[in-house]
Amino acid sequence: MWLNTTVSPFLLTGFPGMEKVHHWISIALLVVYVSIILGNGTLLFLIRSDHNLHEPMYYFLAMLASTDLGVTLTTMPTVLGVLWLNQREIGHGFCFTQAYFIHTLSIVESGVLLAMAYDRFVAICNPLRYTSILTNTKVMKIGMGILTRAGLSIMPIIIRLHWFPYCQSHVLSHAFCLHQDIIKLACADITFNRLYPVVVVFAMVLLDFFIISFSYILILKTVMGIASGEERAKALNTCISHICCILVFYVTVVGLTFIHRFGKHAPHVVHITMSYVYFLFPPFMNPVIYSIKTKQIQSGIIRLFSRHHTRS
């Protein structure tokens, strides 16, 4: 098999049949993108600058915010380029790179949510050893493990994209590159590229979900054993933000899966809209959830604005 040297670029697609309102859609998406960047950027700045937030729980939150920023900055240039400037052409190399980062970051997000569940499990079920178990070195190793797992798991299918000939239509169905879209255009045996992602989803994303669920069963069992009702509520309250982020992520995953599997007769715009919900809703909601539900983050924001007001 030889490296594909086809020079014909792929063509990205916005919202078919709605070209006249692309500019208005782009403005709405720009507002969402800016909100995501500001929200997650603020979280990262707070965690870096506020010593009260230098704890494992917030280090994992910083990983989640970084992942959300990564997804946003990966998709934003082509989405706004298509909707705003009608810049549809995208080179194969850039397209494959974008697909690699999009899919890798999705696996990273699942891994970070799992790490955050482990953090809550240790904090509630083994509080006396929390600081000795989750040291800075351990947190760093967990973060590197999450990145390595995601990066290596996605690499085989992306590498193979470079070798496929593309003699079908070069039109992709989204304003960003997804592996499942690209392989539909290949004129080659794509059996491996069809089956391997299914294995990855079952082996990682679903496994992560089951481990998270099991950890919360153990957490709930521990919390129910606490005599004081006030202490029980306090322990559970530290998990609320994380549980909300889990629900936001996995509900969008399930929604997107159902649309692709069972919504074949639904209008194409529904599929496209659902993919935007999947990539934009969790990054938009995660900072909101933690800002509303976590007192330490609220206090950090107040201190940040107080310092800025004092300097003014």
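Trainee: Which helices supply the lining of the second largest pocket in this predicted model?

Mentor: α2 (56-85), α3, α8 and α10 (295-311) each supply at least two residues of that lining.

Trainee: What makes α8 stand out in the lining of the second largest pocket?

Mentor: α8 contributes six residues, the largest share of that lining.

Trainee: How do you know which residues count as lining the second largest pocket?

Mentor: A lining residue has an atom within 4 Å of a pocket point. For the second largest pocket, with a volume of about 540 Å³, 19 residues line the space, and Arg120, Lys234, Ala235, Thr238 and Gln296 are the closest to its centre.

Trainee: Why are Arg120 and Lys234 put in the charged class?

Mentor: Arg and Lys count as charged, along with Asp and Glu, so Arg120 and Lys234 belong to that class. The lining of the second largest pocket divides into eight nonpolar, five polar and six charged residues.

Trainee: What is the volume of the largest pocket, and which residues lie nearest its centre?

Mentor: The largest pocket holds about 1500 Å³ of space. Its lining has 38 residues, with Gln180, Val201, Thr257, His260 and Arg261 nearest the centre.

Trainee: Which helix gives the most to the lining of the largest pocket?

Mentor: α7 does, with 10 residues. Helices that each supply at least two residues there include α3 (92-125), α7 (191-224) and α8 (229-262).

Trainee: Why is His260 called polar?

Mentor: His is in neither the nonpolar nor the charged list, and the others count as polar, so His260 is polar. By class, the lining of the largest pocket has 21 nonpolar, 12 polar and five charged residues.

Methods: Residues numbered from 1 in each chain as written. Predicted model: local features only at pLDDT ≥ 70, side-chain atom pairs only at ≥ 80, totals over all residues. Heavy atoms only, no water. 1 Å grid on protein atoms, 1.4 Å probe; cavity = no way out; pocket = protein on both sides within 12 Å on 5 of 7 lines; lining within 4 Å. Points joined across faces, edges and corners; volume = space filled by probe spheres on them. Helix = DSSP H or I, 4+ residues; strand = E, 2+ residues; numbered from the N terminus.
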